[in-house]
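Q: I am new to protein models. Could you show me how to read one, feature by feature?

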Amino acid sequence: MDDVDESVGALTRSLLIAVPVATALLAVAIWFLVGRVLRPVERIRARVAEISASSLDQRVPEPATRDEIARLAQTMNSMLARLEATAALQRRFVSDASHELRSPLTRIRTALEVDLAHPTGADVGATHRGALADATQLQGLIDDLLLLARLDEAAIHSRRILVDLDDIVLAEVHGRGATEQTIDVSRVSAAQVLGDPGQLTRVVRNLLDNALRYGASGIEVELAEVGQDAVLRVSDDGPGVDPALRERIFERFARADDARAAGTGGTGLGLAIARELVDLHGGSLVLDVEHRGGASFVVRLPAAAPQ
């Protein structure tokens, strides 16, 4: 037993020295490795802390590795790019909205100041008519802005009732009375969808307003059920849309080009509102790129199931 006890004692003394030393060395190695691995994360954290609303063009450093940290950096840079694009769009939206609101207010103020400065030669009736037209334009613009704000906040919901889309189209066309352009509705056939009648009426009205604003002499309205969709097409014979601007015209306050914008009085919100309302109904609104001789907008909505 003396030999056994001596061996156990020697092993115990060795372990009392080796285990703490090995533990210390392992701790140092782990600290070094973890620090090296997390160093890119610290650089990313420091860069993110420096980024503010006025410096969204900055990006976090991306490690040359292909591990999770590199993918995290790439995801954060993609997020920053989206935030930068959204902030730029918001700034442009505020600038455009301010301009559109200021223009009719400036005309009203100018007319009133001229009448006050020259009361003997003032045409009060013309001033009132001009102020009323500008006030109506302001009211329409404010209503559009409020609707867009509600759409952005998802505070607007669509009812889901059975709607005869052809009745809405014909009512909007006939409600306009006599127009300079002829509106051909001979290809409007029955089509039923599930949706909100008020919002669908707004879609049809905005498309007709756009066609009448830019059309030269004739407007064509077509409606039919194609497969499982109700397809509405509104076409004009105006100058059309530049191919490079086919998606931009659906942005807020966007106009296709000078030819389509000059003297029309449009604010550039009609198509944006129409597309968002169509999206809300699970459909799509696009510009037909194959149409020739003007612009043709196509709305596709899920058709109601047969009763």
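A: Start with residue classes. Ala, Val, Leu, Ile, Met, Phe, Trp, Tyr, Cys and Pro count as nonpolar, Asp, Glu, Lys and Arg as charged, and the others, Gly among them, as polar. Keep in mind that this is a predicted model.

Q: Which elements make up the chain, and in what order do they run from the N terminus on?

A: The secondary structure comes to 7 helices and 7 strands. From the N terminus on, the order is α-α-α-β-α-β-β-α-β-β-α-α-β-β.

Q: Why is the chain said to be more spread out than a compact globule?

A: Look at the radius of gyration. For 307 residues the globule rule gives 19 Å, but this chain has 33 Å, well over that value, so the chain is more spread out than a compact globule. Along the principal axes, the C-alpha atoms fill a box of roughly 125 × 65 × 35 Å.

Q: Next, empty space. How many cavities of 30 Å³ or more does a search of the whole structure find?

A: The general idea comes first. Rolling a probe the size of a water molecule over the atoms shows where empty space is left. Here the search finds 1 cavity of 30 Å³ or more. About 40 Å³ of space lies in the largest cavity.

Q: Which residues line the largest cavity?

A: The lining is made of L165, L200, V203, V204, L232, V299 and L301. Two elements, α5 (197-214) and β7 (296-302), give two or more residues to this lining. The most comes from α5, with 3 residues. Now apply the classes. The lining has 7 nonpolar residues, no polar ones and no charged ones.

Q: What lines the second largest pocket?

A: Its lining residues are T86, L89, Q90, F93, D152, F250, E251 and R252. Helix α2 (residues 68-117) gives the most to this lining, with 4 residues. The pocket holds about 170 Å³ of space. By class, its lining divides into 3 nonpolar, 2 polar and 3 charged residues.

Q: Now helix packing. At what angle do α5 and helix α7 pack?

A: Two packed helices are described by the angle between their axes and the distance between the axes. For α5 and helix α7 (residues 270-280), the angle is about 145° and the axes are 9 Å apart. The crossing of α5 past α7 is left-handed. From α5, the contact uses Q199, R202, V203, N206, L207 and N210. From α7, it uses G270, L271, I273, A274, L277, V278 and L280. By class, this contact has 8 nonpolar, 4 polar and 1 charged residues. Note V203 of α5: it is one of the residues in this contact, and V203 also lines the largest cavity.

Q: How do the axes of helix α3 and α7 cross?

A: The axes of helix α3 (residues 124-152) and α7 cross at roughly 35° and come within 11 Å. This crossing is left-handed. On the α3 side, D144, L147, L148, L151 and D152 make the contact. On the α7 side, I273, E276, L277 and L280 do so. The contact of α3 with α7 divides into 6 nonpolar, no polar and 3 charged residues. One residue links two topics: D152 of α3 is in this contact, and D152 also lines the second largest pocket.

Key. Residues numbered from 1 in each chain as written. Predicted model: local features only at pLDDT ≥ 70, side-chain atom pairs only at ≥ 80, totals over all residues. Heavy atoms only, no water. 1 Å grid on protein atoms, 1.4 Å probe; cavity = no way out; pocket = protein on both sides within 12 Å on 5 of 7 lines; lining within 4 Å. Points joined across faces, edges and corners; volume = space filled by probe spheres on them. Axes fitted to C-alpha atoms, helices over the stretch in contact; angles between N-to-C directions. Left-handed = near helix turned anticlockwise from the far one by under 90°. Contact = heavy atoms within 4.5 Å. Rg over C-alpha atoms; globule rule 2.2 N^0.38 Å.
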